[in-house]
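Student: Hey, I've just opened this one and I don't know where to start. Can you walk me through it?

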Amino acid sequence: MIPTEIVLLRGIISWGGFVLFLVFELIRPYRQPSVSKKKRLITNVSLTVMNSFVLTMVFAAATVNAALYVSANHLGLLNMISLPLWPKTFVAVLFMDFMLYVLHLLNHEVPLFWRFHRVHHSDLNMDVSTASRFHIGELAISAVIKIGLIYFIGADLLSVFIFESLLVLTAQFQHSSLAVPSLFEEVFWVLFVPPSMHRIHHSVKIAERNTNYGTIFSVWDRMLGTLLRDVDQEKIVIGVGPYREQERLQLHRLLAMPFTRSIK
Ligand SMILES: [Zn+2]
């Protein structure tokens, strides 16, 4: 496939997942919105469309070409060893998800990174649109790091495509305000990140927020001691302490947020 088709297919998966989870959460919502869902959707979708445009224009071709270049020239760790295609793909996806865990932890612990990441956490409710509510600064840093990781691990285009597709769909699922059967959550939590696990991560309480950093796999939190389970889900208040008014969280304020006062 040529890069244009890959970029197009990725767009179809992102927007297809968005519509799918939006319909599901409207049919079976986990909780009723505490602020206007319509206004949040307008803000979050506007931000997503702007970000998609910049990312597609600036980083999409560079990412695809990095993966093609790495394969053609046998660069990176995975190309130094002989592994069949699927184990190789699995290791590449696992590695990139672990690095995303590390980056997410840094987004919370490094004050400069938190300035950008707090845009995502400032959403007052969680739903599928929260999954793509990011400041372009954070996404640009992630995109540059991802290209570096493709070279380091030697990820081919298939691995990058599977990783990105899983990433977007799991992020949409775990942010969605979808009432998921508790048995499903229990089983899913063993390896992956269900909505209840990620809801704790979006709590206004800093001790709860600085846990559960995983995106695709929950094993990194389990292994590295950042997993938190025993929280009363009904009592979780979503957001960042000082940002409590929806009227002060419009699109232009989100874009300016990293450059305003420092907030824990
Ligand atoms: Zn976070």
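Tutor: Sure. One term before we look at packing: contact means heavy atoms within 4.5 Å. Also keep in mind that this is a predicted model.

Student: Okay, so what do the buried residues of H7 pack against?

Tutor: They pack against three helices: H6 (157–175), H8 (195–201) and H10 (219–224).

Student: And which residues in H7 are buried?

Tutor: Helix H7 covers residues 182–191, and Glu185, Phe188 and Trp189 are buried there. Looking down the axis of H7, those buried residues fall within an arc of 105°, so they line one face of the helix.

Student: What's on the other side of H7, then?

Tutor: Leu183, Val187 and Val190, which are exposed.

Student: Switching topic: which residues are the protein donors of the zinc ion?

Tutor: Five histidines: His104, His108, His117, His121 and His201. Each uses its NE2 atom, lying 2.2 Å from the zinc.

Student: How are those donor residues spaced in sequence?

Tutor: The pattern is H-x3-H-x8-H-x3-H-x79-H. Within it, His104 sits in helix H3 (residues 85–109) and His117 in helix H4 (residues 111–121), 13 residues apart, and this pair links distant parts of the chain.

Student: Is His104 buried or exposed?

Tutor: Buried, with a relative accessible area of 10%. His117 is buried too, at 2%. The cut-off for buried is under 20%, so both values qualify.

Student: Now the surface. Which residues form the nonpolar patch?

Tutor: Leu77, Met80, Ile81, Leu83, Phe90, Val91 and Phe152, with about 670 Å² of accessible area together.

Student: Where is Ile81 placed?

Tutor: In the loop between helix H2 (37–72) and H3. Ile81 is partly exposed, with a relative accessible area of 47%.

Student: What else is in that loop between H2 and H3?

Tutor: His74 is one of the residues there. Its phi is near 50°, a positive value in a residue other than glycine. His74 is exposed, with a relative accessible area of 58%.

Student: What about Asn212, what is its phi?

Tutor: About 50°, again positive although Asn212 is not a glycine. Asn212 is in the loop between helix H9 (206–209) and H10.

Student: Is Asn212 buried or exposed?

Tutor: Buried, with a relative accessible area of 0%. His74, by contrast, is exposed.

How values were computed: Residues numbered from 1 in each chain as written. Predicted model: local features only at pLDDT ≥ 70, side-chain atom pairs only at ≥ 80, totals over all residues. Heavy atoms only, no water. Donors = N, O, S within 2.8 Å, 3.2 Å for Na, K, Ca; no water. Helix = DSSP H or I, 4+ residues; strand = E, 2+ residues; numbered from the N terminus. Buried < 20%, exposed > 50% of the residue type's maximum accessible area, 1.4 Å probe, protein only. Arc of directions from axis to C-beta. Patch = residues over 30% accessible without salt bridge, like charges linked within 9 Å, V, L, I, M, F, W, Y side chains within 5 Å. Areas by Shrake-Rupley, 256 points an atom, 1.4 Å probe, with all protein chains shown as cover. Salt bridge = Lys/Arg side-chain N within 4 Å of Asp/Glu carboxyl O.
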